[in-house]
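Trainee: I would like to go through this structure term by term. Can we set each value against its cut-off?

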Amino acid sequence: MYSDTIADMLTRIRNANLIYKEVVDVPASNLKRNVLEILKKEGFIKDFKYIEDSKQGILRIYMKYQGKKRNRVRTINSIVRVSHAGRRVYVSKNKIPAVNSGLGIAILTTSNPEKPVVTDKEARSLGIGGELIAYVW
């Protein structure tokens with residue numbers, strides 16, 4: 001059993017990225033699906049799909065690299081979990097950080113039911129804060 005499922009997913013993505021793996025499987029959840037939607041929309045992963053199984057389901061993540069097979073360059077340079085079970089990190093709308101001088105993104109969860117997970121840019125435009133989940137650049 002994992003105590004922090006989001007950290008587990010981010011670690012699997014980070015490890016797959018280090019060895020240029022094409023596909024990563026993680027146990028599914030709605031929060032993970034929302035985080036993957038953001039990573040896909042921002043261009044950090046190619047795609048992901050939900051695979052039904054007899055339990056909770058699996059999210060298959062298709063990693064993205066630039067260049068040919070021999071000279072590949074990673075799309076994700078770093079992925080860092082910010083808030084975790086022992087230390088929750090919340091930010092107000094005025095204190096949302098810019099990641100890597102605006103070249104990366106911060107992923108936040110909000111109390112907005114229409115947009116439960118947003119990037120730092122979306123949170124600023126909506127004028128809402130929330131819990132910092134991860135930094136990606």
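Mentor: Start with burial. Buried means under 20% relative accessible area, exposed means over 50%, and partly exposed lies in between (1.4 Å probe, protein chains only). This is a predicted model: local features need pLDDT of at least 70, side-chain atom pairs count only at pLDDT 80 or more, and totals for chains, interfaces and linings use all residues. Residues are numbered from 1 along each chain as its sequence is written, and side-chain values use heavy atoms, leaving out hydrogens and water.

Trainee: Why is asparagine 100 called partly exposed?

Mentor: Its relative accessibility is 38%. That value falls between 20% and 50%, so asparagine 100 is partly exposed.

Trainee: What makes the phi of asparagine 100 worth a look?

Mentor: Most residues other than glycine have a negative phi. Asparagine 100 has a positive one, near 50°. Asparagine 100 sits in the loop between E7 and strand E8 (105-109).

Trainee: And what is the phi of serine 101?

Mentor: Positive, about 55°, although serine 101 is not a glycine. Serine 101 is also in the loop between E7 and E8. At 73% relative accessibility, serine 101 is over the 50% mark, so it counts as exposed.

Trainee: What makes a run of residues a helix or a strand?

Mentor: Helices (H or I, at least four residues) and strands (E, at least two) are DSSP runs, numbered from the N terminus. The chain has three helices and ten strands. From the N terminus on, the order is α-β-α-β-β-β-β-β-β-β-β-α-β.

Trainee: Why is the pair aspartate 25 and arginine 60 called a salt bridge?

Mentor: A salt bridge needs a side-chain nitrogen of Lys or Arg within 4 Å of a carboxyl oxygen of Asp or Glu. Here the closest N and O atoms are 2.8 Å apart, so the pair passes. Aspartate 25 lies in strand E1 (residues 23-27) and arginine 60 in strand E3 (residues 58-63), so the bridge ties together parts 35 residues apart in sequence. Aspartate 25 is partly exposed at 32%. Arginine 60 is partly exposed too, at 27%.

Trainee: How do you know that arginine 88 and glutamate 131 form a salt bridge?

Mentor: Their closest N and O atoms are 3.1 Å apart, so the limit is met. Arginine 88 lies in the loop between strand E6 (79-81) and strand E7 (90-91), and glutamate 131 in strand E10 (residues 130-136), so the pair ties together parts 43 residues apart in sequence.

Trainee: Is glutamate 131 buried or exposed?

Mentor: Buried, because its relative accessible area of 11% is under 20%. Arginine 88, at 44%, counts as partly exposed.

Trainee: Where in the chain do aspartate 120 and arginine 124 lie?

Mentor: They lie in helix H3 (residues 120-126), four residues apart, about one turn of the helix. Their side chains meet in a salt bridge at 3.6 Å, N to O. Aspartate 120 is buried at 2%, whereas arginine 124 is partly exposed at 38%.

Trainee: How many salt bridges are there by this rule?

Mentor: Nine. Lys41, Lys115 and Glu122 are linked in a network of them.

Trainee: Now the glycines. Why is glycine 43 called buried?

Mentor: Its relative accessibility is 18%, under the 20% cut-off, so the label holds. Glycine 43 is in the loop between helix H2 (30-41) and strand E2 (45-51).

Trainee: Which residues does glycine 43 contact, leaving aside its neighbours within four places in sequence?

Mentor: Lys64 and Thr75. Contact means heavy atoms within 4.5 Å. The C-alpha atoms of glycine 43 and lysine 64 are 8.1 Å apart, and that distance is no test of contact, because the definition uses heavy atoms.

Trainee: What makes glycine 86 exposed?

Mentor: A relative accessible area of 73%, which is over 50%. Glycine 86 lies in the loop between E6 and E7.

Trainee: How do you know that the chain agrees with a compact globule?

Mentor: The radius of gyration is taken over C-alpha atoms, and the globule rule is 2.2 Å times the number of residues to the power 0.38. For 137 residues the rule gives a value near 14 Å; the chain has 15 Å, which agrees. Buried residues make up 40% of the 137 residues.
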